[in-house]
Amino acid sequence: MEPETYRNEVENQWCPGCTNFGILAAVRKALAALDLAPHEVCLVSGIGQAAKLPHYVRSNVFNGLHGRAIPAATGIKVANPALTVLVTTGDGDGYGEGGNHLLHALRRNPDITVVVHNNELYALTKGQGSPTTPVGEKTRLQFTGVEIEPIEILATAIVHGCGFVARGYAGEIDHLSDLLVQAIRHRGLSLVDVVQPCVTWGERPPAWYRERIEKLPADHDPRDRAAALGLAASQRERIPIGILYEGPPRLVFADRHLKRTSGRALASLEPVKEDEITSRLARFRR
Ligand SMILES: Cc1ncc(C[n+]2csc(CCOP(=O)(O)OP(=O)(O)O)c2C)c(N)n1
Ligand code: SF4
């Protein structure tokens, strides 16, 4: 496979120069590196600029409600475990509206990869503060500055024993694509937070982030929970990128279901006949 394999004809709606293009390139590159055919992949999203990414990839796509990508992705993976399932979401969609789903996905451990385009704003709705906007930052809505602390979601993921927790940068396409390859290979929930400056509404230009981004030192051990927690906290002066944490193996959500169905996934079963559904519904009505 080549990254071009995943290109389609859908017209792109992002602003010229948007750093989301870097994430799109990294996703296509990672899928090619894994030699996955488009029909073997399902990209799932909610609403937002980040959530448009699946529109621009030739693969299976499910685009649902704001913040609700994770439950859909979890269901898709349970129904058809052969699919590689990725969620692409924003910090608003994924950590705000969908924050509750992410928290419980950390408990359920579905075998999906969640890629968060973290531009520290609600960009599609014109730049309001999001759960990751720093305190004091002035936005289109918070004229005098954001007053509440940003959410520490990577630290939360580590505390919950998430098997793969990483931070990438939209401007480091090769590095990000390599992170995504490893995240997809990991069996269980993988969370990849991607620093993604918004060139239209963001307070700081990509150059501000570029100066602060630094790859994790080669001697960082991702199994070292205490070190990972230190690196996960929102950082303004140095922004470390790489695999922060790899938790111990845990039972994967779909496996619980496969145990109950003797290993048969929903996608492999014969469709239920209409009169069988009618008779089951009739039993509930009694
Ligand atoms: C239930 C609901 N609430 C609010 C909205 C309006 N809305 C659409 S996109 C969006 C913000 C998305 O922000 P984020 O997830 O950070 O993605 P970005 O656009 O920054 O990539 C909001 C609030 C909506 N579509 N549905
Ligand atoms: S508003 Fe920001 S995040 Fe959205 S497309 Fe434009 S530059 Fe990209």
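Leu-266 counts as partly exposed because it has 15 C-beta neighbours inside 10 Å. A residue needs 20 or more such neighbours to be called buried, and 12 or fewer to be called exposed. You can find Leu-266 in the loop between α9 (253-260) and α10 (274-285). Its C-alpha atom is separated by 40 Å from that of Cys-198, and the two residues are 68 apart along the chain. Keep in mind as you explore that this is a predicted model.

**The sheet**

Let us turn to the strands. Eight of them form an open sheet with mixed pairing, and the order is β2-β1-β3-β4-β8-β7-β10-β9. At the edges sit β2 (60-63) and β9 (213-215), each of which pairs on one side only. From one strand to the next, the twist averages 25°.

Strand β3 (residues 84-90) is a good place to look closer. Six of its seven residues are buried, so β3 is largely enclosed by the rest of the structure. Five parallel bridges join β3 to strand β1 (residues 41-45), and here Thr-88 of β3 stands opposite Ser-45. β3 also pairs in the parallel sense with strand β4 (residues 113-118), again through five bridges. In that pairing, Gly-90 has His-117 of β4 as its bridge partner.

Now move to the edge strand β9. Three bridges hold β9 and strand β10 (residues 239-245) in a parallel pairing, with Glu-214 matched to Pro-240 in β10. Helix α8 (residues 225-232) lies across β7 (164-169) and β10, and runs at about 145° to β10.

**The nonpolar core**

Which residues have the most contacts inside the largest nonpolar core? They are Val-165 and Leu-180, in a core of 60 residues. Helix α1 (residues 20-33) provides the largest share of this core, with six residues. Leaving aside neighbours within four places in sequence, Val-165 is in contact with several residues, including Leu-154, Ile-158, Leu-191, Ala-228 and Leu-244.

**Around the two ligands**

Ligand 1 is surrounded by 17 residues, and the closest are Gly-48, Gly-90, Gly-92, Asp-93 and Ala-123. Both α3 (91-97) and β5 (121-122) supply at least two residues of this shell, and α3 gives the most, with three. Among the residues around ligand 2 are Trp-14, Cys-15, Cys-18, Cys-198 and Trp-201. Ala-123 also belongs to the ligand 2 group. Here is how the two shells divide by class:

| Shell | Nonpolar | Polar | Charged |
|---|---|---|---|
| Ligand 1 | six residues | nine residues | two residues |
| Ligand 2 | seven residues | four residues | no residues |

**Two backbone angles to notice**

Most residues other than glycine have a negative phi. Asn-109 has a positive value, with phi near 60°. Asn-109 is found in the loop between α4 (99-108) and β4. Is Asn-109 buried or exposed? Asn-109 is buried, because 24 other C-beta atoms lie within 10 Å.

Glu-120 is another residue other than glycine with a positive phi, near 60°. Its place is in the loop between β4 and β5. Glu-120 is buried too, because 27 other C-beta atoms lie within 10 Å.

Technical notes:
Residues numbered from 1 in each chain as written. Chains lettered and ligands numbered in written order. Predicted model: local features only at pLDDT ≥ 70, side-chain atom pairs only at ≥ 80, totals over all residues. Near = placed C-beta within 6 Å. Helix = DSSP H or I, 4+ residues; strand = E, 2+ residues; numbered from the N terminus. Nonpolar A, V, L, I, M, F, W, Y, C, P; charged D, E, K, R; others polar. Core = buried A, V, L, I, M, F, W, Y, C linked by C-beta atoms within 7 Å. Contact = placed C-beta atoms within 7 Å. Pairing = 2+ DSSP bridges. Axes fitted to C-alpha atoms, helices over the stretch in contact; angles between N-to-C directions.
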